[in-house]
Amino acid sequence: QPKTTVEEEEVFSREIGFKEALTGIYIKMASKDLYAKNLSYGFLDILGQRYEPSNVEAYQDELWYTFPSTKTESYTTTIWGKMYNIIANVNNLLYYCDKKQDVFTTENYYEIIKGEALGLRAFLHFDLLRLFCENAKSTSDEDGIPYVDELTKQVTVSVSPAKVVERVIQDLTDAATCLANDPVLTGREVSTSEDDGYLVNRNYHLNYYAVMGLMARVYMYAENTTEARRCAMVVIDAHKNRNVFPWADK
């Protein structure tokens, strides 16, 4: 057995293995090819023409805005591939979450880790939908993307954008249910001696309120303003009633 690799069964034989796997997913998301650059201020901002020509001449090439294009193909291919690679990791985590549920000994760890993973799967698919699909309401499978909810070697066929929205909302609904005992929601204080940082620093994770905020965004994208408001008010009321998200002072 190579010293640099660990078998999946061994990783997921302990509670800490699930935390390490989830941390690995966040680290993959924070690559420059994704959210550390190109899905925040990099490639997407170039397409949005947010840079002044005098400052960044290299970004004024018309090939950036012509599809297909040698300028863009390497970016879009990398984004597509890496996003689905992370989704595969999420699905693997979810598979072992249920298979090895008995290894969870800390209160609410199983539900919280599963809830975060479901939320991340929805988050990643929603961004892929926004990036690669033109019309969120289309019912044509040809207009959509694959919604991958299991780890498999088989190619997952595309479903319509409308179906992607439906499945994103279902994953987020299930995630919110799992995160019903999230300390950020219940207000339960967790000491560092009780936990090694996973439950203490919930504001750094895709927590309950992040799930509800994302659900509001998805409903807005699907032009369902009633449900968007309902989800958004969960987050807004958390600030108004419990000061969960205090405003920064001037």
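Lys99 is partly exposed in the predicted model, with a relative accessible area of 42%. Its salt-bridge partner is Glu9, and the N to O distance is 3.0 Å. The pair links distant parts of the chain. Glu9 sits in helix α1 (residues 8-11), and Lys99 sits in helix α4 (residues 70-99). The two residues are 90 residues apart. Glu9 is also partly exposed, at a relative accessible area of 35%. The contact belongs to a network of salt bridges that links Glu9, Lys99 and Lys100.

The count of salt bridges comes to 13. One of them pairs Asp171 with Arg121, with the closest N and O atoms 2.8 Å apart. This pair also links distant parts of the chain. Asp171 lies in helix α6 (residues 161-178) and Arg121 in helix α5 (residues 109-132), 50 residues apart. Both Asp171 and Arg121 are buried.

A further salt bridge joins Arg202 and Asp182, whose closest N and O atoms are 2.9 Å apart. Arg202 lies in the loop between α7 (183-186) and α8 (208-221), while Asp182 lies in the loop between α6 and α7, so the salt bridge ties together parts that are 20 residues apart in sequence. Arg202 is buried, as is Asp182.

Arg202 also appears in the lining of the largest pocket. That pocket holds about 250 Å³ of space. Its lining comprises 13 residues. Those nearest the centre are Pro183, Val184, Val200, Arg202 and Asn203. By class, the lining has seven nonpolar, two polar and four charged residues.

The cysteines were examined next. A disulfide is a covalent bond between the sulfur atoms of two cysteines. A search of the whole structure finds zero disulfides. For Cys97, the nearest cysteine sulfur is that of Cys178, 8.3 Å away. The cut-off for a disulfide is 2.5 Å between sulfur atoms, and Cys97 is in no disulfide. Cys97 counts as buried, at 1% relative accessibility. Cys231 is likewise in no disulfide. The nearest cysteine sulfur to Cys231 is again that of Cys178, at 16 Å. Cys231 counts as buried, at 0% relative accessibility.

Backbone angles come next. Most residues other than glycine have a negative phi. Gln49 has a positive value, with phi near 55°. Gln49 is placed in the loop between α3 (43-47) and α4. Gln49 is exposed, with a relative accessible area of 52%. Asn108 also has a positive phi, near 70°. Asn108 lies in the loop between α4 and α5. Gln49 is exposed, whereas Asn108 counts as buried, at 15% relative accessibility.

Contacts between helices α4 and α5 can be followed through Ile79 and Phe132. Ile79 lies in helix α4. Phe132 is placed in helix α5. Ile79 is buried, with a relative accessible area of 3%. Phe132 counts as partly exposed, at 34% relative accessibility. Neighbours within four places in sequence are left aside in both contact lists. On that basis, Phe132 is in contact with Thr76, Ile79, Trp80 and Ile145. Ile79 is in contact with Asp33, Leu34, Leu39, Phe43, Leu131 and Phe132. The contact between Ile79 and Phe132 thus appears in both lists.

Two C-alpha separations complete the description of these residues. The C-alpha atoms of Phe132 and Val211 are separated by 22 Å. Along the chain, Phe132 and Val211 are 79 residues apart. The C-alpha atoms of Ile79 and Asn135 are separated by 20 Å. Along the chain, Ile79 and Asn135 are 56 residues apart.

Key: Residues are numbered from 1 along each chain as its sequence is written. This is a predicted model: local features need pLDDT of at least 70, side-chain atom pairs count only at pLDDT 80 or more; totals for chains, interfaces and linings use all residues. Side-chain values use heavy atoms; hydrogens and water are left out. A salt bridge is a side-chain nitrogen of Lys or Arg within 4 Å of a carboxyl oxygen of Asp or Glu. Helices (H or I, at least four residues) and strands (E, at least two) are DSSP runs, numbered from the N terminus. Buried means under 20% relative accessible area, exposed over 50%, partly exposed in between (1.4 Å probe, protein chains only). On a 1 Å grid over the protein atoms alone, a cavity is a set of points where a 1.4 Å probe fits but cannot get out, and a pocket is an open set with protein on both sides within 12 Å along at least five of seven lines; lining residues have an atom within 4 Å of a point. Grid points are joined across faces, edges and corners, and a volume is the space filled by probe spheres set on the points. Ala, Val, Leu, Ile, Met, Phe, Trp, Tyr, Cys and Pro count as nonpolar, Asp, Glu, Lys and Arg as charged, and the others, Gly among them, as polar. Contact means heavy atoms within 4.5 Å.
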